[in-house]
Amino acid sequence: MSDEKNKTKMLKEQLFMSAKKGISTVSAEEIKKSDEFCEGYKEFLDNSPVEREAVSYSLKLAEENGFVEFERDKQYKAGDKVYLINRDKAIALAVIGKNKTKNGVRLSIAHIDSPRVDLKPNPLYEDNNLAYFKTHYYGGIKKYQWTVMPLALHGTVVKLDGTRVNIKVGVDESEPCFCITDLLPHLAREQSSKKLGQAIEGENLNVLVGSRPLDTEDEESELVKLNIMKILNDKYGITEGDFLSAELCLVPAQKSRDVGFDRGLIGGYGHDDKVCAYPALMAAIDTEIPEDTCITYLTDKEETGSDGNTGMQSDFLRYFVYDLAKSDGEEGYRVLSKSKCLSADVNAAFDPIYASAYEAKNSSYINQGVIISKYTGHGGKYDTSDASAEYMGEIRSMLEKNKVMWQVGELGKVDIGGGGTIAKFVANMNVDVVDLGVPVLSMHAPFELISKIDVYEAYRAFYAFYNNM
Ligand code: MN
Ligand code: MN
């Protein structure tokens, strides 16, 4: 009887997928390495709240590590490192491989835009002696989460004469910050009875930016607004019309920090998707001479559908690959057709407090490593690239071979919601692609949470993809 039992147990062990043990299988040394890696990540995150800043910080790291600007029609050799920037909002970094582009390229693509609150083109107004900015939120936010917290203003203004002014206010504690007010509970009986998504209206996400009138004897209206405009003019040389040619964003003012007594997690703004962008960037930096050319692409506009000339639907990356191919004497479309891609994006980590939104057997978990999402989209597998069995097999064996901690998951229960990534746009270029990234708690909130070990495993996955597939 006991022999039978053992046989059954053995059969189980042989045929069933073993339960993932996650971080408990990771050595103390690996955990230390991941903690160290994440110190660099926190710096990156804090310096990259909006895409332009993410590009300049990535460029700084790349240039410090031997990347030079790509020159069309130049011949490159194995080990050369080049970058190409798209309108200051996206950056491609290539490490030339021994095979150049002959066998296709390896692509890791993450996005560096995150949900936030953008200023409208004509934002500044005064109401009851208070000055406000009108806004239009960017990406999928729960609007109530963005009220009553310190916000910082980041962005770029282009003046009529073409000069560009970069603005960053509210990051340093010595600087002022900004805030969207909310109604006090005493008077919120009606608001509190509304549905969560309707309690704060998008049109009411107005940001308080001033309260003192211009010091003058003259009997004029809008003196608070005038005072704000004067402060902005003194500091940046801009006038009200310059808001029309500007990209100004409000993002959480707070910096990232460790979360939990054990410091296992990082809380911060914009993990989606800087938590994949940084590991993919570091994998490019640490790759010396790969077999095939490796390209890390950090793109913009994912949060609003990847439209526009800096989003993944633009031809920028395609043209970059074509240019690389041309200098190797290859056809660009043939190179793309042989290429492989990791769409480096986050997925929702299982949250025990909201367990009913998830399907436990097909969810990703904090501290269980990178998550592979075979498909994203929504009900009935709409709006997604569904990675092939063959490509899933390749990636799975790569991760096993390199002992990367990994898991597979879907975004929540069937029909409960959904979301997309850039994978489907890459697939349209006839490239094999699957999503691989880091699980996130409270995704799209002003303070998202991720696990340090998962970030490090993402780095190891991208490095393996470039160097040891
Ligand atoms: Mn994302
Ligand atoms: Mn997102």
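Which residue bridges the manganese ion (ligand 2) and the manganese ion (ligand 1)? The views below show the answer in a predicted model.

**View 1. Asp272 links two manganese ions.** Asp272 is the bridging residue between the manganese ion (ligand 2) and the manganese ion (ligand 1). The two ions lie 3.4 Å apart.

**View 2. Protein donors surround the manganese ion (ligand 2).** Asp272 contributes an OD atom. Glu303 is listed with OE twice, and His444 provides NE2. These donors lie 2.0 to 2.6 Å from the ion. Along the chain they follow the spacing D-x30-E-x140-H. Glu303 and His444 join distant parts of the chain, 141 residues apart. Glu303 sits in the loop between β13 (294-299) and α8 (316-327). His444 sits in the loop between β21 (439-440) and β22 (448-451). Both Glu303 and His444 are buried.

**View 3. Three strands make an open antiparallel sheet.** The strand order is β11-β12-β22. β11 (257-259) and β22 stand at the edges with a single partner each, so one side of each has no neighbour in the sheet. Neighbouring strands are turned by 35 degrees against each other on average, direction ignored. β11 pairs with β12 (residues 265-268) over 3 bridges, in the antiparallel sense. Val259 has Leu265 of β12 as its bridge partner.

**View 4. Helices α7 and α12 meet the sheet.** Helix α7 (residues 271-286) packs on the sheet and touches β12 and β22. The direction of α7 makes about 30 degrees with that of β22. Helix α12 (residues 452-467) lies across β11, β12 and β22. Helix α12 runs at about 65 degrees to β22.

How values were computed: Residues are numbered from 1 along each chain as its sequence is written. Chains are lettered from A and ligands numbered from 1 in the order in which they are written. This is a predicted model: local features need pLDDT of at least 70, side-chain atom pairs count only at pLDDT 80 or more; totals for chains, interfaces and linings use all residues. Side-chain values use heavy atoms; hydrogens and water are left out. Donors are N, O and S atoms within 2.8 Å of the metal (3.2 Å for Na, K and Ca); water is not among the atoms, so sites may look incomplete. Helices (H or I, at least four residues) and strands (E, at least two) are DSSP runs, numbered from the N terminus. Buried means under 20% relative accessible area, exposed over 50%, partly exposed in between (1.4 Å probe, protein chains only). Two strands pair if DSSP finds at least two bridges between them. Axes are lines fitted to C-alpha atoms, for helices over the stretch in contact, and angles run from 0 to 180 degrees between N-to-C directions. Contact means heavy atoms within 4.5 Å.
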